[in-house]
Each structure stands twice: as structure tokens, then as C-alpha cells.
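User: I would like to learn how to read the strands, sheets and helix packing of a model. Please take one feature at a time, with the general idea before the case.

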Amino acid sequence: MKKASKLIIAALVGSIALFVSCGKEKEVVEKYDMLKVKGGSLPQEFIENSNVENDFDENPDFKVTVGDFFISKYEVTQQLYQEVMESDLDVNATPAYFKENPVSGEEQGLRPVERISWYDCLYFCNKLSEKEGLEPVYTIEDIQRYSKDKAIKSAKVSADFTKNGYRLPTFAEWIYATIGGVKSTGLYKYSGSDDISTVAWHVNNAGEKTHQVGLKEPNELGLYDMTGNVAEWLWDYLWDKDGYDNKEYVNFTGPETGRYRFIMGGCFIDYSSGAKFPYEIYESIGGIQGLRYYNTGFRLARNAPSDKKKK
């Protein structure tokens with residue numbers, strides 16, 4: 001991974017039933033548990049507190065807005081990944097580094113999948129969309145795989161965000177969901193709390209391994225592990241400081257080109273890169289899309305019917 005420079009436009013921001021222990025009662029997680037997020041704009045306070053160098057007095061119309069969308073309550077688990085991918089002989093359906101020795105009482109299959117490339121995430125989204133009779137968002141061509149573990153190392157990718165299938169969250173969607181959307185009760189240091197250990201598995205409490213999803217407290221929207229457990233691949237290339245106009249950006253999907261894709265959220269071996277991103281350091285992590293990281297997974301997103309078109 002490579003640490004990206006501070007973003008000037010900071011924060012522009014199972015078909016199976018899984019039984020997840022949330023430290024209290026057992027709850028049934030249905031169909032990947034996609035939660036609908038009511039759209040809105042990132043609060044000005046959030047942007048102004050994020051090391052932004054933009055002059056808001058001179059650019060009063062600068063704003064970032066997302067429409068309604070769905071996002072998965074949990075990070076994609078190893079069990080779900082295997083269920084969707086195991087019928088495809090070209091794919092390694094069990095890529096995770098942490099394949100054994102979960103903490104006592106936790107279920108191996110409910111740990112987040114990791115050690116997958118950005119391309120693998122898109123491939124999974126298309127497979128799941130097809131499985132459910134939805135329209136795939138991505139066109140993936142000229143696929144090249146690693147010979148050892150079959151992960152996708154390169155491909156030609158395009159996206160049609162009008163389709164109704166599964167996809168990666170955009171950077172703006174992920175940021176908006178992390179701070180609680182319209183249900184936000186304050187600009188916490190972490191997603192849902194100022195106390196990282198209540199909402200995240202991080203370097204000081206994870207024991208250098210991943211954990212079953214959903215064991216920590218959720219944020220205001222009911223999303224788990226947004227700032228811990230594994231970091232998460234997003235769709236966008238890293239945003240740079242140039243080329244943004246004094247206007248409202250709606251459902252922005254990031255630059256057309258770049259080298260690094262966003263990885264956000266903190267993880268079990270760290271807590272400053274990603275976990276503190278909104279309100280203190282605001283440094284982002286960029287990943288090369290053809291590489292696999294044992295601390296990085298993903299969660300799902302989908303369009304909601306009332307989504308606005310990108311400006």
C-alpha cells in the first residue's frame with residue numbers, strides 16, 4: 001500500500017441466512033442485509049474540519065451530495081464469498097489469509113474475506129448480481145490472473161452506474177455512510193463513537209487477526225466495522241487537489257484515471273490510517289488494484305430507485 005498525500009477535497013465525500021453473534025442475542029442476517037441510506041450532502045462542518053485548503057468564502061457553492069443508495073450492513077464474509085464464487089473454476093473461492101484459528105466463540109466463515117484484489121471485488125459483484133437476476137454494473141474484459149492463487153491482477157474495466165446490480169461503494173457514499181448520513185448524531189472521531197474500541201477491531205484489541213463481523217457496536221445507520229476489522233476497497237481512484245469546480249457534485253464517482261484506488265476504514269493492524277480519517281489526520285490509503293492485501297476486504301453497495309444522476 002502507499003500513503004496518499006492529504007486530500008485537498010477531503011471527505012467528498014446470505015440468498016443465504018447467516019447467524020451472527022453480536023455479543024448479545026443471535027440475529028438473522030438476511031440476503032447480505034443491505035441497508036437503505038437516505039441521501040444528502042456532507043455537512044460543511046465535516047469538510048471544514050478535514051484539513052481542507054479550499055476557500056469556502058470564495059467557493060460558497062462547493063458541495064458534495066449523494067442520492068439514496070443501499071450499502072451492506074457487514075463486510076463481505078468468507079462464507080458469502082465462497083458461496084458465490086465456488087462454482088467458477090477460474091476463481092479461488094477461499095483466498096483469505098486468515099483461514100483458521102478464529103477467536104474462541106467466533107465462526108470462521110463469518111470473518112471478513114481479504115487478500116483479494118480490487119478486480120476480484122468487481123468480479124464478485126457481477127457474479128452475485130447474475131445469481132440474483134440483477135443487471136451487472138461492471139464490464140470486465142481481458143482478464144489476467146495470477147497463476148498461484150487465481151486472483152485477477154489486471155483487466156479492462158468499465159462501469160454503468162445506472163444498472164441495478166451490486167457494486168463497490170463510491171468514496172462519497174462510503175464517507176457519507178461512515179459519518180451516519182442523515183442519522184448522524186455528531187462528528188465522532190470514529191464511525192459511531194469517539195471510543196474506537198467500542199466500534200472497531202484495531203491494532204490494540206484485535207490480536208493481529210480478523211474477527212467475526214458484527215461483534216462491535218454499529219454506527220447510527222446500523223453499519224458494522226466501518227472503522228475496523230478489515231479496511232475496504234472503494235470504486236474511486238484517489239481524488240487529487242485539482243480540477244474541482246465551485247458547484248455541487250452529485251453522485252460523483254471520482255477521477256477517470258489514476259494509479260491508486262481508495263482503501264478506507266482502518267483495520268486490525270492499524271487504527272490511524274482510515275479509522276481517524278474524517279476528523280483528525282485525514283490521510284487516505286491508496287491500493288494498486290491488481291494487488292491483494294491481507295488487511296483489506298470490501299462491502300457491497302447498490303443503487304436505490306430514487307438515486308439522482310451524476311452531474
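Analyst: Start with strand pairing: two strands pair if DSSP finds at least two bridges between them. By that criterion E4 and E7 are a pair, antiparallel and joined by four bridges. The model here is a predicted one.

User: Which residue of E7 is the bridge partner of Leu35?

Analyst: The partner of Leu35 is Ile71 in E7. Ile71 also stands opposite Ala301, a residue of E15.

User: How many bridges join E7 to E15, and in which sense do the strands run?

Analyst: Strand E7, residues 69–72, runs antiparallel to E15, and three bridges join them. One position to look at is Phe70, whose bridge partner in E15 is Arg302.

User: What is the strand order of the sheet that contains E4, E7 and E15?

Analyst: The general idea helps before the case. In a regular strand, side chains alternate between the two faces of the sheet. In this structure the order is E4-E7-E15, an open sheet of three strands with antiparallel pairing. Strands E4 (34–37) and E15 (301–303) are at the edges with a single partner strand each, so one side of each has no neighbour in the sheet. From one strand to the next, the twist averages 25°.

User: Which helix packs on that sheet, and which strands does it touch?

Analyst: Helix H4, residues 171–178, packs there and touches E4, E7 and E15. The direction of H4 makes about 70° with that of E7.

User: What is the order of the sheet that includes E5, E6 and E11, and what is its pairing?

Analyst: The order is E5-E6-E11, in an open sheet of three strands with mixed pairing. The edges are E5 and E11; each has a single partner strand, so one side of each is without a neighbour in the sheet. H4 packs on this sheet too, touching E5 and E6, and its direction makes about 85° with that of E6.

User: Where does the mixed pairing come from?

Analyst: Take the two pairs in turn. E5 (residues 40–41) pairs with E6 (residues 63–66) in the antiparallel sense over two bridges, and Gly40 stands opposite Val66 in E6. E6 and E11 (residues 248–250) run parallel, joined by three bridges. In that pair, Val64 has Tyr249 of E11 as its bridge partner.

User: How many residues lie between the strands in the hairpin of E8 and E9?

Analyst: There are six residues between the strands, and Lys150 in this hairpin takes a positive phi near 70°. The strands themselves, E8 (residues 138–145) and E9 (residues 152–159), pair in the antiparallel sense over six bridges. Tyr138 stands opposite Ala159 in E9.

User: Now helix packing. At what angle do H2 and H3 pack?

Analyst: Two packed helices are described by the angle between their axes and the distance between the axes. H2 (residues 78–85) and H3 (residues 118–131) pack at about 65°, with their axes 9 Å apart. That angle makes H2 roughly perpendicular to H3. Their crossing is left-handed.

User: Which residues of H2 meet H3?

Analyst: From H2 they are Leu80, Tyr81, Glu83, Val84 and Met85; across from them in H3 are Asp120, Tyr123, Phe124, Lys127, Leu128 and Lys131. By class, the contact residues divide into seven nonpolar, four charged and no polar.

User: What is the mean pLDDT of the protein?

Analyst: The mean is 82, and 76% of the residues reach 70 or more. Over residues 2–30 the pLDDT is below 50, although the model gives this stretch 98 contacts beyond near neighbours in sequence. Residues 49–56 also stay under 50, with 23 contacts beyond four places in sequence. Where pLDDT is low, the predicted coordinates should not be read in detail.

Methods:
Residues are numbered from 1 along each chain as its sequence is written. This is a predicted model: local features need pLDDT of at least 70, side-chain atom pairs count only at pLDDT 80 or more; totals for chains, interfaces and linings use all residues. Side-chain values use heavy atoms; hydrogens and water are left out. Axes are lines fitted to C-alpha atoms, for helices over the stretch in contact, and angles run from 0 to 180 degrees between N-to-C directions. Contact means heavy atoms within 4.5 Å. Angles under 35 degrees count as roughly parallel, over 145 as roughly antiparallel, 65 to 115 as roughly perpendicular and the rest as oblique. A crossing is left-handed if the near helix is turned anticlockwise from the far one by less than a right angle, and right-handed if clockwise. Ala, Val, Leu, Ile, Met, Phe, Trp, Tyr, Cys and Pro count as nonpolar, Asp, Glu, Lys and Arg as charged, and the others, Gly among them, as polar. pLDDT is the predictor's confidence in each residue, from 0 to 100.
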